[in-house]
Amino acid sequence: GVVREVRKTLGDHVEPHEILAVLDSRELAEAKAACRAGVAREELARTTLARAASLFEEKIIPEKELLKTRIELAETQIEHRIAEAKLYALGLTEEQAAALHTDAEKDIDYPRYEIRAPFGGTVIQKHTTLGELVGTQDSMFVIADLSSVWVDVTLYTSDLPHVRLGTEVTLSADGLDQPTQATVVYVSPTVSEAT
């Protein structure tokens, strides 16, 4: 789709499921319309079947006509399930798909596709701008949970006897306001030939 809104930028904190951007997606609009049409066709087929059953009971129509209306209902149900499956494949949740059946048609923004944060964290990369066309394989944002980070430290072999799993260490670096306490959780079993 085409990027309609960009709500977050580099360095912004995001909460789980918070909207990062909004797209206009023709594909989503078509899928939503097909799903709503499927619901309408299914309701019509149910009404037709109920009427045919009533007429069959009164011996006004033959059983062949009743069976035909049952088949039509089954076909519309299949079409509706296929349309819903496409919505799920496009990323809609069951609640969002169900909302298509309860909201007034005028209130549905058919092409609107919300890009939401899968978890809370900080936007560390942003690869999207207003008006840009994005596809299903494009990365729009990278979010990281910076409450816990890994530090990869290279040691000289002479320092290895002092490092063990669980060892408490103090880290200091340019950009850190103060030294930070950490714990060694992994020691590589290999040595670099170059260093």
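Below are exercises on a predicted model, each with a worked solution.

Residues are numbered from 1 along each chain as its sequence is written. Local features need pLDDT of at least 70 and side-chain atom pairs count only at pLDDT 80 or more, while totals for chains, interfaces and linings use all residues; side-chain values use heavy atoms, with hydrogens and water left out.

**Exercise 1. The sheet with β3**

Task: Find the order of the strands in the open sheet that contains β3, and say which strands stand at its edges.

Solution.
Step 1. Strands are DSSP runs of E with at least two residues, helices are runs of H or I with at least four, and both are numbered from the N terminus.
Step 2. Two strands pair if DSSP finds at least two bridges between them.
Step 3. The open sheet has 3 strands in the order β1-β3-β4, with antiparallel pairing.
Step 4. β1 (2-6) and β4 (112-116) each have a single partner strand, so one side of each has no neighbour in the sheet.
Step 5. On average, neighbouring strands here are turned by 30 degrees against each other, direction ignored. Such angles are taken between axes, which are lines fitted to C-alpha atoms (for helices over the stretch in contact), and run from 0 to 180 degrees between N-to-C directions.
Step 6. β3 (residues 19-24) is joined to β4 by 5 antiparallel bridges. One pair to look for is Val 22 with its bridge partner Glu 114 in β4.

**Exercise 2. The sheet with β5**

Task: Find the order of the open sheet that contains β5, and name its edge strands.

Solution.
Step 1. This open sheet of 3 strands runs β2-β5-β6, with antiparallel pairing.
Step 2. β2 (13-14) and β6 (141-144) are the edge strands, as each pairs on one side only.
Step 3. Between β2 and β5 there are 2 bridges in the antiparallel sense. Val 14 is opposite Gly 121 in β5.

**Exercise 3. Salt bridges**

Task: How many salt bridges does the structure hold, and which parts are tied together by Asp 109 and Arg 4?

Solution.
Step 1. A salt bridge is a side-chain nitrogen of Lys or Arg within 4 Å of a carboxyl oxygen of Asp or Glu.
Step 2. The structure holds 9 of these salt bridges.
Step 3. One of them joins Asp 109 to Arg 4, with the closest N and O atoms 3.0 Å apart. Asp 109 is in the loop between α3 (94-102) and β4, and Arg 4 is in strand β1, so the pair ties together parts 105 residues apart in sequence.
Step 4. Glu 18 and Lys 8 also meet in a salt bridge, at 2.8 Å from N to O. Glu 18 belongs to the loop between β2 and β3 and Lys 8 to the loop between β1 and β2, so this pair ties together parts 10 residues apart in sequence.
Step 5. Glu 5 and Arg 7 form a salt bridge at 2.8 Å, N to O. Both belong to a network of salt bridges that also links Arg 112, Glu 114 and Arg 116.

**Exercise 4. Buried or exposed**

Task: Is Lys 8 buried or exposed, and how do Glu 18 and His 17 count?

Solution.
Step 1. Buried means under 20% relative accessible area, exposed over 50%, and partly exposed in between (1.4 Å probe, protein chains only).
Step 2. Lys 8 has a relative accessible area of 15% and is therefore buried.
Step 3. Its salt-bridge partner Glu 18 has 25% and is partly exposed.
Step 4. His 17, in the loop between β2 and β3, has 54% and counts as exposed.

**Exercise 5. Helix α1 and positive phi**

Task: What does α1 reach from its first C-alpha to its last, and which residue with positive phi follows α1?

Solution.
Step 1. The expected span of a helix is 1.5 Å times one less than its number of residues.
Step 2. α1 (residues 26-57) has 32 residues and reaches 46 Å, close to the 46 Å expected.
Step 3. Most residues other than glycine have a negative phi.
Step 4. Lys 59 follows α1 and has a positive phi, near 60 degrees. Lys 59 lies in the loop between α1 and α2 (63-89) and is exposed, at 74% relative accessibility.
Step 5. His 17 also has a positive phi, near 70 degrees.
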